[in-house]
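Biologist: I'm new to this one, so could you show it to me and take me through it slowly?
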Amino acid sequence: MIFIILIYAFIIIINVPGLLKRKEWRELTAFSILYVIALVLGLMYVLDIPIPSPMKGLQHLIVDILGIEYPQG
Amino acid sequence: MSIEKGKISSQQLLFLIAGFVQGSVLLIDFTVGLTEHQTWMVILAALAITTPVVLSYAVLAKRFPGMNLVQINDMVYGRFLGKVVSVYYIFFFLMTLSFNIRDVGELYTTFLMPDTPFVFLLVVFTATCTYAVTKGIEVLARISHLFVVTGIFILISTFIFLIDQMDFSKFLPFFELPFIRIFQGIHIVSMIPFGETVAFLIIMGCLNNTEHVVKNTFFGLLIGAVSLLIGAARNTAVLGRTQTIWTSPSFQSIRLIDIGTVLTRMDFLIGIGQTILIFLKCSLFFYVLVVAISQLLGLKSYLPLVLPLAAIEVIIAATVYQSPVDHTMITQNAGIIYSTPLVFIIPPLSLLIAKIRGLPKSERGKGT
Amino acid sequence: MFGYLFKKIRYFSLKNKNECMLQNTKPGKNNSEPISPDLEKNLEVIKGILRDSSDVTTHEFNFGHDRKFKGALIFIDSLTDKAEIHKNILQPLMYDVLLLQNNVDMDFTKIDTIRKNLISTTDNLKVTLLSDLLDNLLAGAAILLINGSKEALVIKSEKRESRGIEEPGTESVVRGPREGFVENVKVNIALLRRKIKDTDLCIEKFVIGDKSKTDVYIVYIKSVANPKLIEEIRMRLKRIKIEAILESGYIEQFIEDNPYSIFPTISNSEKPDKVAAKILEGRAAILVDGTPFVLVAPMVFIESFQSVEDYYARPFFASVIRIIRFLSYIISTLGPAIYVALTVFHQELIPTQLLISIAEGRERVPFPAIMEAFLMLFAFDLLREAGVRLPKSVGQTVGIVGAIVLGQASVEAGLISPIMVIVVSSTAIASFAVPAQTDSGTILRYIYLALAGIAGGFGVIMGLLGTLLHLASLRSFGTPYLWPVVPLNFSGLKDVFIRMPLWAMSKRPKAIVWNDFDSNNQNPGLMPSPYKKDNIDSK
């Protein structure tokens with residue numbers, strides 16, 4: 001738990017002051033969006049909340065719905 | 001307008017591709033369950049099928065010099081559809097990168113250091129990849145030849161050490177397995193080592209001179225494929241039909257090396273070699289991912305995105321599959337099917353459309 | 001609380017801005033007034049500026065026929081050669097002038113007249129500004145002031161005590177010249193000029209440092225060195241704003257490419273033959289007054305493994321020694337890390353027999369292997385640091401104490417396992433084989449040890465990859481740091497891992513000189529061979 005907080009704080013400390021000083025708003029917004037996603041995922045991971053796996057969704061989509069599958073031999 | 005200020009030379013591209021393909025040496029082990037002792041055939045067939053496709057990437061890059069994949073998509077498919085295609089690619093890069101990172105973790109937790117927590121390995125590995133990406137493509141391109149030489153050295157030396165234990169009759173009989181399995185094997189091999197070179201469509205945008213792109217791409221692919229072939233042949237020749245028992249035939253054949261009771265139990269060394277090669281592959285993928293996203297969003301530099309993406313990748317890699325078996329099963333089915341259009345269909349289609357529409361029209365004043 | 005934080009952040013940002021503005025407008029000592037014709041006033045002004053220091057000597061005298069002219073000589077007692085002043089300045093002015101015929105009308109208020117006709121030294125300079133006068137005075141010159149003249153004459157008559165030329169303490173060789181640079185930069189330049197007697201050897205002077213006004217010289221060969229390199233060095237030297245340059249290390253830290261890296265990108269040396277060889281390859285040397293360590297830029301990583309002796313010895317032996325040097329660098333940085341990784345994480349890689357003896361040795365040790373390794377490395381670094389500053393009388397005793405107490409007794413008391421002592425001492429000895437990289441080697445050693453302790457072999461591999469990436473991204477004045485290995489260059493490789501014979505290495509390093517001319521070829525195809533019989537008259 002403490003590692004997550006340290007690492008995420010570290011990420012902010014490295015990136016944000018430079019972006020603010022150079023007034024790169026677009027990069028800052030992109031960074032913030034990705035950072036929030038990462039933060040949410042990280043907290044979910046640490047708090048043992050199951051994270052939905054995209055590949056499971058894809059597997060479901062391709063095999064069950066579209067029916068394309070290699071025969072298990 | 002490109003984000004990356006560094007330039008790489010064609011020769012460095014050759015080594016990058018070769019090292020990239022070599023990074024999948026242990027992935028071949030996962031197809032052994034399907035194709036047993038015909039893996040070498042599968043590799044050759046996959047090479048034959050993918051070569052024209054990969055060369056089409058090179059021709060595409062030559063046609064649009066200095067432009068990376070996202071820019072090419074925008075030009076060929078128009079603003080909206082191009083962005084949709086790029087998002088599809090980005091999803092592919094995201095997922096594949098997490099698979100590769102997970103591979104490293106599985107490598108260590110299964111064979112070499114079983115007691116280490118999985119996430120920790122992922123974090124350390126991703127941290128080094130992040131460092132590589134912040135340095136830029138130039139640095140990676142400069143050291144690529146070291147990786148390729150190391151990879152070739154390891155493969156050839158293990159091959160030579162095992163010659164006395166090889167029995168080439170284990171390759172027989174040919175064509176024993178049902179064709180559907182061979183077909184799936186060819187599909188897997190052409191997607192995973194060779195097809196992932198679609199990522200190079202972004203890196204080719206950094207070339208300083210696109211004259212010899214096609215030739216260098218071909219040779220890079222060839223060197224990588226030959227490395228895979230040596231590995232597969234070694235495993236088959238040493239272990240024969242028993243390959244399917246082991247989780248990793250490569251490791252098992254290395255464990256059988258015994259030169260004068262001094263050079264024994266060298267599986268860790270191949271683990272090191274494999275880690276180094278996957279490192280190159282992951283760093284390149286990571287770089288491609290970050291540049292693609294920044295190009296899509298129209299950012300000036302990709303550096304701020306690197307760390308959050310690294311964190312996202314680690315967590316996806318840690319949670320996407322429950323176990324290595326899950327990984328193998330899903331990759332062999334859904335994993336390759338959803339990415340087939342990206343590798344086989346879209347780039348040649350882009351090339352065709354570009355030829356028909358006469359792109360790029362930069363001489364006539366129509367810019368990006 | 002947020003208000004407090006916010007105010008603090010604003011305070012710091014404003015303070016930064018203020019400091020930047022202040023620095024730009026700080027007035028320097030502005031003594032650039034012209035010299036006044038009135039002698040008394042001049043003397044008072046000068047003494048006032050020099051705050052009446054007791055070693056500033058002023059000597060007023062009259063000279064000329066009928067003793068018409070008044071002059072004064074100012075010099076700093078401890079810096080000048082008084083005999084020369086007496087003989088070459090005062091004597092001609094006060095006595096020899098009387099040898100001139102009386103009707104010769106020379107206006108001795110003009111400095112030029114005196115300078116060209118009377119003063120018998122060669123190194124004279126005419127100044128009109130007070131600041132120039134003071135600069136030269138503090139550099140050890142004698143100043144001649146004439147009543148009624150707006151100019152002054154600077155006569156450079158310094159006498160400088162200097163160490164004699166002796167073997168450098170840090171770089172001894174078995175075969176080769178035992179000359180080393182000294183603190184006097186003029187002597188150093190002379191040493192270099194004796195090695196390279198070429199018309200293209202350029203020597204450029206800079207004065208750096210507000211209070212120390214140190215002489216800094218750049219030495220290079222104009223036809224060989226890349227002009228962009230020299231221009232870059234010039235620009236960086238001009239950019240330095242500091243109060244005093246006490247040693248070339250200051251300059252190194254101000255002009256280097258990567259201040260945050262642990263690897264040095266500018267090499268230094270005390271030996272003239274080494275520096276001369278580097279200048280001939282197209283590099284530039286930077287000599288700083290007051291230190292025998294001469295900087296040479298650019299530097300590549302491989303240079304730390306090359307020593308001058310390699311070139312004086314014959315190729316096979318030199319190649320073997322160079323390979324040994326590489327191996328010792330690897331041992332010195334990776335030794336403890338590999339030991340810890342193997343014993344803690346990967347016991348299966350150690351041959352069984354060795355494993356048993358290691359286990360026996362480690363049985364009684366209370367610490368985990370990583371702590372043990374850290375303690376031993378720390379103790380070794382302590383010893384090394386203390387050893388440098390030991391008074392010679394105590395040196396012997398402490399050496400024995402270190403060896404016996406720290407080594408033997410600790411092992412016998414069960415604090416440390418014997419294998420650890422072996423590992424650390426071989427690490428220590430190996431670290432001295434590559435002198436240019438001892439500082440980076442020490443830091444790397446600790447880093448790899450920490451990584452090995454955390455993640456075993458995996459950690460060491462990641463550490464090595466990280467180091468490789470870092471090294472590959474370094475550039476030293478435009479030359480990639482890992483040249484010729486990383487941008488692969490085959491002709492450069494002849495001198496990296498082995499040393500090919502001198503007659504086979506015919507080209508200058510391409511990444512230093514950056515041109516493709518054939519003038520790079522120094523001596524094409526000169527493999528030695530015995531004379532053929534036909535060339536000698538048969539007996």
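Modeller: Before the first topic, a word on terms: helices, which need at least four residues, and strands, which need at least two, are DSSP runs numbered from the N terminus. Please also keep in mind that this is a predicted model.

Biologist: Okay, so where does A:Ile5 sit?

Modeller: A:Ile5 belongs to helix α1 of chain A, which covers residues 2–21. On the surface, A:Ile5 joins A:Met1, A:Leu39, A:Leu43, A:Leu47 and A:Ile49 in making a nonpolar patch of about 530 Å².

Biologist: Switching to charges, how many salt bridges are there over all chains?

Modeller: The count over all chains comes to 30 salt bridges. One of them pairs C:Glu151 with C:Lys126, with 3.8 Å from N to O.

Biologist: Which parts does that pair tie together?

Modeller: C:Glu151 lies in the loop between β4 (141–146) and β5 (152–156) of chain C, whereas C:Lys126 is in strand β3 (residues 124–127), so the pair links parts that are 25 residues apart in sequence. C:Glu151 is partly exposed at 24% relative accessibility, and C:Lys126 is also partly exposed, at 33%.

Biologist: And what about C:Arg283, buried or exposed?

Modeller: C:Arg283 counts as buried, because its relative accessibility is 5% and the cut-off for buried is under 20%. Its salt bridge with C:Glu281 has the closest N and O atoms 2.6 Å apart, and C:Glu281 is partly exposed at 26%.

Biologist: Which residues are in the network there?

Modeller: Salt bridges with shared partners connect C:Lys278, C:Glu281, C:Arg283 and C:Glu303 into one network.

Conventions
Residues numbered from 1 in each chain as written. Chains lettered and ligands numbered in written order. Predicted model: local features only at pLDDT ≥ 70, side-chain atom pairs only at ≥ 80, totals over all residues. Heavy atoms only, no water. Patch = residues over 30% accessible without salt bridge, like charges linked within 9 Å, V, L, I, M, F, W, Y side chains within 5 Å. Areas by Shrake-Rupley, 256 points an atom, 1.4 Å probe, with all protein chains shown as cover. Salt bridge = Lys/Arg side-chain N within 4 Å of Asp/Glu carboxyl O. Buried < 20%, exposed > 50% of the residue type's maximum accessible area, 1.4 Å probe, protein only.
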